[in-house]
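Please go through the model shown here in a series of questions and answers.

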Amino acid sequence: DWTYSQFHKIDWVVFHSITNKKASFPNHLFVIKWLNHILPLQARQHRMHLSPSAACPSTCGSLREDELHLLRCPHPDRCALYPALVTKLQQIFQHHHVDPWLRQLLLSGIAAVHPATPCNLTALTPPYRALANKQARLGPHALFYGFFHRDWITLQEAYLRSQQKPTERNQSCHAIELLAMHFQATARAQWDLRNHHLHKGQDTHQP
């Protein structure tokens, strides 16, 4: 039911540059709501007179809970999700022989929302800087949406070949999809923990 003008407002080149199979990810309904700014965050609920306060339910001190705050909440329990993500990524890095510079780019994506995450981008060569720019075009939260530019696979494939590692079974694609799923799962974990705080430990079924 889109109009012609609505259809052409979408940057389809960027859309088709995303590598993962979004619909196969377990959190795609959450991502759709988050991506379209319809999650019932406190700032939105307060504006619609559905909540008495716009403050973060994790009692972190923030007076406004919006999309920008969701991944950046400084509550200790929520910050702890990022070292856990790094640990999971490190396991994938080792098992799938992930390109060292791709590792640093991924860690920098976590550092953007959790500055305590160590990363080093000082010696990136042009192909990796180009990937960083292309990924940035997908949006500041793209990694946590599970949206990875196709060049992640291209560079990982080139690295595996340079190291004489197997590539005949889509190893590069599989590794990047695993990484994307863990980023997306961490974003969903932030949402679940936020809801846990909102409902003071009661079960929540908000998607």
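The turns below cover helices, buried contacts, backbone angles, salt bridges and a surface patch.

Q: What kind of model is this, and what pLDDT do local features need?
A: Residues are numbered from 1 along each chain as its sequence is written, and side-chain values use heavy atoms, with hydrogens and water left out. The model is predicted; totals for chains, interfaces and linings use all residues, side-chain atom pairs count only at pLDDT 80 or more, and local features need pLDDT of at least 70.

Q: How far apart are the end C-alpha atoms of helix 7?
A: Helices here are DSSP runs of H or I with at least four residues, numbered from the N terminus. Helix 7 covers residues 81-96, and the expected span is 1.5 Å times one less than the number of residues. For its 16 residues this gives 22 Å, which agrees with the end C-alpha separation of 22 Å.

Q: Over what arc do the buried residues of helix 7 spread?
A: Buried means under 20% relative accessible area, exposed over 50%, and partly exposed in between, with a 1.4 Å probe and protein chains only. In helix 7 the buried residues are Tyr 82, Leu 85, Val 86, Leu 89, Ile 92, Phe 93 and His 96. They lie on the same side of helix 7, because the arc they cover around the axis (taken from the directions from the helix axis to the C-beta atoms) is only 125 degrees.

Q: Which helices do the buried residues of helix 7 pack against?
A: The face turned away from the buried side carries the exposed residues Gln 91, Gln 94 and His 95. Contact is defined as heavy atoms within 4.5 Å. The buried residues of helix 7 pack against helix 6 (76-79), helix 8, helix 10, helix 11 and helix 12 (171-198).

Q: Why do the buried residues of helix 9 line one face?
A: Helix 9 spans residues 126-137, and Tyr 128, Leu 131 and Gln 135 are buried in it. An α-helix has 3.6 residues a turn, so residues three or four places apart point the same way. Seen down the axis of helix 9, the buried residues line one face because they fall within an arc of 55 degrees.

Q: Which residues are exposed on the other side of helix 9?
A: The buried residues of helix 9 pack against helix 8 (100-111), helix 10 (142-145) and helix 11 (151-162). On the other side, the exposed residues are Pro 126, Asn 133, Ala 136 and Arg 137.

Q: Which residues does Cys 56 touch, beyond those up to four places away in sequence?
A: Cys 56 sits in the loop between helix 4 (42-47) and helix 5 (67-70). With 5% relative accessibility, Cys 56 counts as buried. Its contacts are Ser 62, Glu 65, His 69, Cys 73 and Arg 78.

Q: Is Glu 67 buried or exposed?
A: Glu 67 belongs to helix 5. Beyond its neighbours within four places in sequence, Glu 67 contacts Trp 34, His 37, Ile 38, Leu 41, Arg 44 and His 141. Its relative accessible area is 10%, so Glu 67 is buried.

Q: What is the phi of His 37?
A: His 37 lies in the loop between helix 3 (28-35) and helix 4. A relative accessible area of 46% makes His 37 partly exposed. Its phi is positive although His 37 is not a glycine, and the value is near 55 degrees.

Q: How far apart are the closest N and O atoms of Glu 65 and Arg 194?
A: A salt bridge is a side-chain nitrogen of Lys or Arg within 4 Å of a carboxyl oxygen of Asp or Glu. Glu 65 and Arg 194 form one. The pair links the loop between helix 4 and helix 5 to helix 12, 129 residues apart. Glu 65 is buried with a relative accessible area of 0%, Arg 194 is also buried at 0%, and their closest N and O atoms are 2.7 Å apart.

Q: What separates Glu 157 and Arg 161 in helix 11?
A: Glu 157 forms a salt bridge with Arg 161, with closest N and O atoms 3.0 Å apart. Arg 161 is exposed, with a relative accessible area of 53%. The two residues are 4 residues apart in helix 11, so their separation is about one helical turn.

Q: Which residues make the nonpolar surface patch?
A: Patches join residues with over 30% relative accessible area and no salt bridge: like charges within 9 Å, nonpolar side chains (Val, Leu, Ile, Met, Phe, Trp, Tyr) within 5 Å. Areas come from the Shrake-Rupley method with a 1.4 Å probe; for residues, only the protein chains shown count as cover. Phe 7, in helix 1 (residues 4-7), is partly exposed at 39% relative accessibility. The patch has an area of about 310 Å² and is made by Trp 2, Phe 7 and Ile 10.
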